[in-house]
Amino acid sequence: MITIYSLVLTTLTFGAMFSVLTLSLNLQYARGGMINFGLVAYFAAGAYAYAIFTQEPPSGLDQYWFGFDMPWYIGFIAAGFASLLFALITGWPTLRLRGEYLALTTFAFAEVFHSVLLNERRIGNGSVGLANVERPDPMNLGLNEAVGYALAAVALMLITAWLFNRLLKSPFGRAIDAVHDDETAAQAVGKDDTRIRLQVFIISAIPIGFAGALYAMITTLVAPALFTAEITFFIWIALALGGEKTILGAILGTMALVLFQEIVGAIPFETVRVAQIAASAEEIVTGILFITVLRLRPWEKVSKGQSA
């Protein structure tokens, strides 16, 4: 039976880690006006880059070609750079699109990337993935493993939130809002809307790559089955629960959703069939909750009250 202590630690670890993705989506969508349905691809790019840079060279039955056996901090930096590079490659040809066209294109890029990881064994062993991923040992700092990674996830979340908050309060942040609110007026005063959107796309992708590296450290495994479109939709639901254009809301929405899933997952079931029914019920309840929040839109009432 799972204890309250382990439940809190797990929720804090994964809630903080996925909050980084929600904060990035908040910057892209709520502030930049870009509908990105390919978030999981940048997450996977960071995780795979970290694994490849820290993994030992292939031997025996390994089918991957590259393993650089570098320290974890080099892999962590490589994860952010890989996510940045993938955002540049996918953002440059797609950000001229708007609305559902951008959403479908980013989703297509993510599915193509997932298919490549699944079928191209020379990158990451195909569907098997890369196991026993190298990671730092929190015991070196006198910390329990679970506590150490929970603190690492919280630190990454807080740094991301602080940097995004500073960014949005800067002149560049006001330029982002100007392009989002009235693209024609922004262009009239000399703002390059396409360039600003691409910059937002790239900046927000970097912490997603770092979160992917942290995910690889925690699970010690990267495989295509761990990076499906379900993660993207999870982040969208979390953003809707917490409310758009609010950093605190993005964090709280993600934490609440992770806590709900952890509580359901901690319930002991007598048979596999009952567990399958519970898993289906979890998805149904999450969907109903998502629809309810979208229907009520409490954050809009708050913003209207403040503006009044």
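In the predicted model, Met70 has a relative accessibility of 33% and therefore counts as partly exposed, since this value falls between the 20% limit for buried residues and the 50% limit for exposed ones. Met70 is placed in the loop that runs between helix α2 (39-54) and helix α3 (72-94). Together with Trp65, Phe66 and Phe68, Met70 forms a nonpolar patch on the surface. The accessible area of these residues comes to about 430 Å² together. In soluble globular proteins, nonpolar side chains tend to be buried together.

The overall architecture of the chain consists of 13 helices and 2 strands. Of the 308 residues in the chain, 44% are buried. The exposed surface of the chain is about 15,800 Å², and 66% of this area is supplied by carbon and sulfur atoms. Contacts between residues at least 6 apart in sequence were also examined; 78% of them join residues at least 24 apart.

The interior contains a largest nonpolar core of 72 residues. Within this core, the residues that touch the most other members are Phe18, Leu21, Phe43, Met157, Val222, Phe227 and Ile235. The element that gives the most to this core is helix α9 (residues 193-219), with 13 residues. The surroundings of Phe227 illustrate the packing in further detail. When residues up to four places away in sequence are not counted, Phe227 touches Val40, Phe43, Ala44, Ala47, Tyr48, His114, Tyr215 and Val222. Two of these partners, Phe43 and Val222, are themselves named among the core residues that touch the most other members.

Helix α3, which follows the loop holding Met70, has 23 residues. From the first C-alpha of α3 to the last, the distance is 33 Å, close to the 33 Å expected at 1.5 Å a residue. The buried residues of α3 are Gly75, Ala78, Ala79, Gly80, Ala82, Ser83, Phe86, Ala87, Thr90, Gly91 and Thr94. The cover over these buried residues includes α2, α4 (99-119) and α9. Helix α9 thus appears in two settings, as a part of the cover over α3 and as the element that gives the most to the largest nonpolar core.

A buried position was also examined in helix α1, where Thr11 is located. Thr11 has a relative accessible area of 8% and is therefore buried. With neighbours within four places in sequence left aside, Thr11 is in contact with Ala16, Met255, Val258, Leu259 and Glu262.

The structure holds 4 salt bridges. One of them joins Asp177 to Arg31, with the closest N and O atoms 2.8 Å apart. Because Asp177 lies in helix α7 (residues 171-181) and Arg31 in helix α1 (residues 4-31), this pair ties together parts that are 146 residues apart in sequence. Arg31 counts as buried, as its relative accessibility is 14%.

Another salt bridge is formed by the side chains of Glu120 and Arg122, at 2.6 Å from N to O. Glu120 counts as partly exposed at 24% relative accessibility, and Arg122 also counts as partly exposed, at 40%. A further salt bridge is that between the side chains of Arg135 and Glu145, at 2.9 Å from N to O. In this pair, Arg135 belongs to the loop between β1 and α6, whereas Glu145 belongs to helix α6, and the two are 10 residues apart. Arg135 is partly exposed, with a relative accessible area of 23%, and Glu145 counts as partly exposed at 41%.

Finally, the backbone was considered. Most residues other than glycine have a negative phi. Against this background, two asparagine residues are described. Asn125, although not a glycine, has a positive phi of about 70°. The position of Asn125 is in the loop between α5 (121-124) and β1 (130-131), and its relative accessibility of 12% is the reason why Asn125 counts as buried. Asn132 likewise has a positive phi, of about 55°, although it is not a glycine. Asn132 is found in the loop between β1 and α6 (145-169). With a relative accessible area of 69%, Asn132 is exposed, whereas Asn125 counts as buried.

Terms used
Residues numbered from 1 in each chain as written. Predicted model: local features only at pLDDT ≥ 70, side-chain atom pairs only at ≥ 80, totals over all residues. Heavy atoms only, no water. Patch = residues over 30% accessible without salt bridge, like charges linked within 9 Å, V, L, I, M, F, W, Y side chains within 5 Å. Areas by Shrake-Rupley, 256 points an atom, 1.4 Å probe, with all protein chains shown as cover. Helix = DSSP H or I, 4+ residues; strand = E, 2+ residues; numbered from the N terminus. Buried < 20%, exposed > 50% of the residue type's maximum accessible area, 1.4 Å probe, protein only. Core = buried A, V, L, I, M, F, W, Y, C linked by side-chain atoms within 4.5 Å. Contact = heavy atoms within 4.5 Å. Expected span 1.5 Å × (residues − 1).
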